[in-house]
Amino acid sequence: MIADLETHSRGDLPGDPVVGSPCKVCFDIETGPLPLPELKEMMPEFEAPSNYKDEEKIAKVIESKRLAWIEKAALDARTGRVLAIGYTLEGQSGVQIVDDSEGEAALLESWWTYYRKCSSVGAHWIGHNIRSFDFPFLIRRSMKHGVCLPAGLLANGLRYDRLVVDLMEIWACGDFKAAFMSLDKMAKFLGVGAKNGNGKDFYNLYKTDRDKALDYLRNDVRLVKDCWEKIGW
């Protein structure tokens, strides 16, 4: 399903690329853990330290480890899934959302269809940490569902298309010791805004207040776009 403040069909979705016009797509993804029954099949056996003797303390430690493992499940394509993708084009004010209302496979199909359409007119794909997280996650979940990947996205399965632009790599300036910079800190440094929440809370918010969760995603996409425009490349 494609969604913004209102729902659009694929045919009238705002932001479709036009041949001959600049096409820079700023985007971000949000992920969540797989359903608990699926996670339980992969969940390791947790243990308390060997010097723990009190049964209640042992149970609390094991439960704490279990919850921590589930929380991190959203960051691994083996234990997580794509919930939503937000994107906007250069010169476009709104942020569009592709969500998992029709399932993760349908979400991925819609995204790669859009990717092919934009890439056909030479789109640049701009995001924060997209080479290390967003694209690998999308690709691996597509492998899981048997969703066909766009030709040219990966050269020999190793290198991304040269039109993939990662703000975190730009920040590093070739200094890999300084490579990590959160989107929130970069946005504040550049004076373009700040995040309006925490990504680790997205999944629970998505279940209880989807509109608020998607507003968080929209804000992240706007920050990516504003950071890119402030850098001026």
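## Exercises on a predicted model

Glu90 counts as partly exposed, since its relative accessibility is 37%. Keep in mind that this is a predicted model. Let's work through a few spots.

**Exercise 1. Place Glu90 in the fold: which loop holds this residue?**

Step 1. Look between β3 (80–89) and β4 (96–99); Glu90 sits in the loop there.

Step 2. Check the accessibility class. Buried needs under 20% and exposed over 50%, so Glu90 at 37% ends up partly exposed.

Step 3. Look for a partner far off in sequence. Val25 is 65 residues away along the chain, yet the two C-alpha atoms are 6.6 Å apart.

**Exercise 2. Describe the pairing of β3 and β4.**

Step 1. Get the direction: the two strands run antiparallel, with four bridges between them.

Step 2. Pick a register point. Ile85 faces Val98 of β4.

Step 3. Inspect the turn. Six residues separate the strands of this hairpin, and Gly91 has a positive phi near 85°.

**Exercise 3. Work out whether the faces of β4 are buried or exposed.**

Step 1. Recall the pattern: side chains in a regular strand point alternately to the two faces of the sheet.

Step 2. Sort the residues. Gln96 and Val98 go on one side, Ile97 and Asp99 on the other, and all of them are buried, so both faces are covered.

Step 3. Zoom in on Asp99. Its relative accessible area is 2%, so Asp99 is buried. Its side chain also makes a polar contact of 2.7 Å with that of Ser101.

**Exercise 4. Classify two of the aromatic pairs.**

Step 1. Start with the total: the whole structure has 14 aromatic pairs.

Step 2. Take Trp171 and Phe189. The ring centres are 5.3 Å apart and the planes meet at 80°, so this pair is edge-to-face. Trp171 belongs to helix α5 (residues 167–172) and Phe189 to helix α6 (residues 183–190), so the pair ties together parts 18 residues apart in sequence. Trp171 is partly exposed at 29%, while Phe189 is exposed at 57%.

Step 3. Now Phe202 and Tyr216. With centres 6.2 Å apart and planes at 45°, the pair is tilted. Phe202 is in helix α7 (residues 202–208) and Tyr216 in helix α8 (residues 210–231), so parts 14 residues apart in sequence are tied together. Both residues are buried.

**Exercise 5. Which residues do ring pairs link into a cluster?**

Follow the ring pairs and you get Phe27, Tyr87, Trp111, Trp112, Tyr114, Tyr115, Trp125 and Phe135.

Notes:
Residues numbered from 1 in each chain as written. Predicted model: local features only at pLDDT ≥ 70, side-chain atom pairs only at ≥ 80, totals over all residues. Heavy atoms only, no water. Buried < 20%, exposed > 50% of the residue type's maximum accessible area, 1.4 Å probe, protein only. Polar contact = N/O pair within 3.5 Å; in protein donor to acceptor, adjacent residues only side chain to side chain. Pairing = 2+ DSSP bridges. Phe/Tyr/Trp six-rings, centres within 6.5 Å; stacked < 30°, edge-to-face > 60°.
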